[in-house]
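Me: I'm new to this structure and would like a close look at a single part. Start with one spot, take it slowly, and then show me what else is worth looking at.

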Amino acid sequence: MRDQHPVQEQATEAAAEEAGGAWWDDLPLALVVADGNGRIVQWGMAAEEMFGYPPEAVVGLDGLDLLLPVGDHAQARAFQRAVTSGRSVTGSFRVRHQDGSLIEVDLMACPVSDPSGQGGGVLVLSAYASAARRAREAQALVDELFARSPVGLAVFDTALRFQRVNPALEAMNGVPKAAHIGRRLAEVLPGLNTEHMEAAMRRTLQFGTPMLIRRIGRTPANTDRDRVWSCSYFRLEDPNGQPVGISASIIDITAHQGATWDGDVGDRRHRQLLNDATLLVGTTLDIQQTAQELADIVVPRLADAVTVDVLQTVSEGADPGAGLAGGVALRRMGLAPSVGTPITDILTPVGRTLAFPANAPYVQALADRRPFLLAHLDARAIAPATPYSDKPARLLGQGMHSFMMAPLIARDVVLGVATFYRAGRSDPYDSADVALACDLTAHASVCIDNARLYSREHDTAVLLQRSLLPQRIQPPEGIEVAHCYQPASDVNEVGGDWYDVIPLGPGKAALVIGDVMGHGIRAAAAMGEMRTTARALARLGLPPDQLLSHLDQAMQELNDPLMATCLYGVCDAGLGRCQLARAGHPPPVTISPNGSARLLDLPVGAPLGIGGITYTSSDIPLAPGSLLVLYTDGLIEKRGTDLDERLTYLTHFLTGAPRPLTDYCDRLIAQLAPHPAEDDIALLIARIGPLPS
């Protein structure tokens, strides 16, 4: 087994550091690493595709002699000397393809060294010159639009710090570009209430939902009067769909608010309520909490009491159904005030289901898809509802005098209805109140529907994940196993964790655990392919390092390639030994028969799916009755906590008198797993040989 060249260890990290954030990000890149003498030590898969040479044909050869025509050597040697002197440089060259043709490429090279600082080498990223030219032109166009746009534009990182602003936003804020970069909104505009703006950005960052809000205030550009801005936020994602920041566009709409805006207090209050609703309604992907947030924000600013009712099918995460012709069943999901008033004592509490026939007013309002207003509530107005319930009459007796309903509609689908009540000395509802109620319910409807779709996808991903995990594990005699799987609470985190036990003969079995670096249904499907491939390879009797190499190749050949971590071991209870190899996976824990636990220091290896990586098998002796604990990173990773501390805690927690294997699983999930679960967790625990008497 050939060890990895020391220059290779920094190659991927250096490539990301040098190329990140540039127009290179949008190009297919070939990666080549050479040592200080120009000999090739790493040849990526994309390099083989670009130049035609397989890795085994070029590693160890002089890269310049291999690829460049003789006439270009002088320029290339100067290029190489510049890099080995410590500079990062770019250039264009004609390169010889394996078939003898010449292709034009753009190269970017930077120096790399081994961890001791010795053995300097060169990392080269190569792109087709024509593709690089198109990417530069596209980037130049984006830069020009950014600079000349009359709309204020900004880019924020995931910590909500300014990374880029355009001249229009500089003028709008009255603050120069240099005073923006690296700072948060509150630091740049301390006189503006930025809390709601940052809350909108956090929500966009977390859920990926674009946000449109309006803000009122003053900036250094105009300190003598309030301005009104329309602010739009969109999440920026990397190619894997992970958030990398926020894009913001800000438009000054003060002039469009009408000549009476400054004096119209009621209009300002309505705008503020809408503004607050965009931030405070839909903070989670939970239908009931979203409905209750709508009710809470409306009372007492628009109503003395509010109910939010959702179709029963929607409340269960299903599709709304075929129609309303046969009546409707609604589940109360929001109520405000929740307790303590005569009116809410009359209204049906949260959690109850209300059934209405097809000709009931509630059903008519839903069927018409229009708001319904009874500005003045009296005995005559409530007469149509009297046959179905005595509640309208009781509410009238408690001073209720005005009433409106607004349907909850999202993506052209009716989801439910919100009902608003006024009592006592409140003004009766008018058309402006109805318009405001419709705006509020429109936002809440989208949030409720997002929660419904999220719940359905989460359930689908978990079902797919569980169906692809082994349903029955039958280890050979002499090996006892326990296993469990806990899905993440977030659909965006469900899908990639798996484990398996493959019998290989009397007293011998393969143990494998892995984690596909993706989430949702896509990752669950890839996990199923990976598990099937691992089972087939295990039955060939391959040692762990070779099996991981084959799995690495298989991951690259998926229709939608993903990376994955994996730990694979072959345990022989008769010999008391286990061969293990890992590909970027957390280290296993071994527990001796006397109860002492320790991490196994195995060579880490790169994750599967990268290509061109070698793995190393380690032979571990195990006393009869020893345990192997295999797990995925969801068990040990916790936000705000150092990973080494979590690994230390894991070994301390596992140290102690032997117990049944299922107890280990239950206790690990109960004590170490974050709540709510931030990631999938898979556990596989094996006892190798019987415990000594």
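Reply: One cut-off first: a residue counts as buried when its relative accessible area is under 20%. Keep in mind that what you're looking at is a predicted model.

Now, the spot I'd pick is Arg332. Its relative accessibility is 3%, so Arg332 counts as buried. You'll find Arg332 in strand β12, which covers residues 328-336. What does Arg332 touch, once residues up to four places away in sequence are set aside? The list includes Thr307, Val308 and Asp309, and also a run of residues from Leu347 through Thr348, Pro349, Val350 and Gly351 to Arg352. Leu354 and Tyr362 are on that list too. There's also a link across the sequence to look at: Gln288 sits 44 residues from Arg332 along the chain, with 8.7 Å between their C-alpha atoms.

For the wider setting, the protein chain has 693 residues, and 50% of them count as buried. In that chain there are 22 helices and 26 strands. Take the contacts between residues at least 6 apart in sequence: 62% of those join residues at least 24 apart. As for the outside, the chain exposes about 32000 Å², with carbon and sulfur atoms supplying 52% of that area.

If you'd like a whole strand that is mostly covered, try β15, residues 400-410, where ten of the eleven residues are buried. On one pairing, β15 runs antiparallel to β14 (residues 372-374), joined by three bridges. Phe372 has Met405 of β15 as its bridge partner there. β15 also pairs with β16 (residues 413-423), again in the antiparallel sense, over ten bridges. Look for Phe403 and you'll see that its bridge partner in β16 is Tyr421. β15 and β16 form a hairpin with two residues between the strands, and Arg411 takes a positive phi near 55° in that hairpin.

Further along, there's an open sheet of five strands, with antiparallel pairing and the order β17-β26-β25-β22-β23. At the edges are β17 (479-486) and β23 (597-599); each has a single partner strand, so one side of each has no neighbour in the sheet. From one strand to the next, the twist averages 15°. Inside this sheet, β22 (residues 589-591) pairs with β25 (residues 626-631) through three antiparallel bridges. Val589 is a handy marker, since it stands opposite Val629 in β25.

What lies across β22, β23 and β25? That's helix α21, residues 643-654, which runs at about 155° to β23. α21 also packs against helix α22 (residues 661-672), at an angle of about 140° and with 11 Å between their axes. That angle makes α21 oblique to α22. The crossing of the two is right-handed. On the α21 side, the contact is made by Arg646, Tyr649, Leu650, Phe653 and Leu654. Facing them from α22 are Tyr664, Arg667, Leu668, Gln671 and Leu672.

Terms used. Residues are numbered from 1 along each chain as its sequence is written. This is a predicted model: local features need pLDDT of at least 70, side-chain atom pairs count only at pLDDT 80 or more; totals for chains, interfaces and linings use all residues. Side-chain values use heavy atoms; hydrogens and water are left out. Two strands pair if DSSP finds at least two bridges between them. Helices (H or I, at least four residues) and strands (E, at least two) are DSSP runs, numbered from the N terminus. Axes are lines fitted to C-alpha atoms, for helices over the stretch in contact, and angles run from 0 to 180 degrees between N-to-C directions. Contact means heavy atoms within 4.5 Å. Buried means under 20% relative accessible area, exposed over 50%, partly exposed in between (1.4 Å probe, protein chains only). Accessible areas come from the Shrake-Rupley method with a 1.4 Å probe; for residues, only the protein chains shown count as cover. Angles under 35 degrees count as roughly parallel, over 145 as roughly antiparallel, 65 to 115 as roughly perpendicular and the rest as oblique. A crossing is left-handed if the near helix is turned anticlockwise from the far one by less than a right angle, and right-handed if clockwise.
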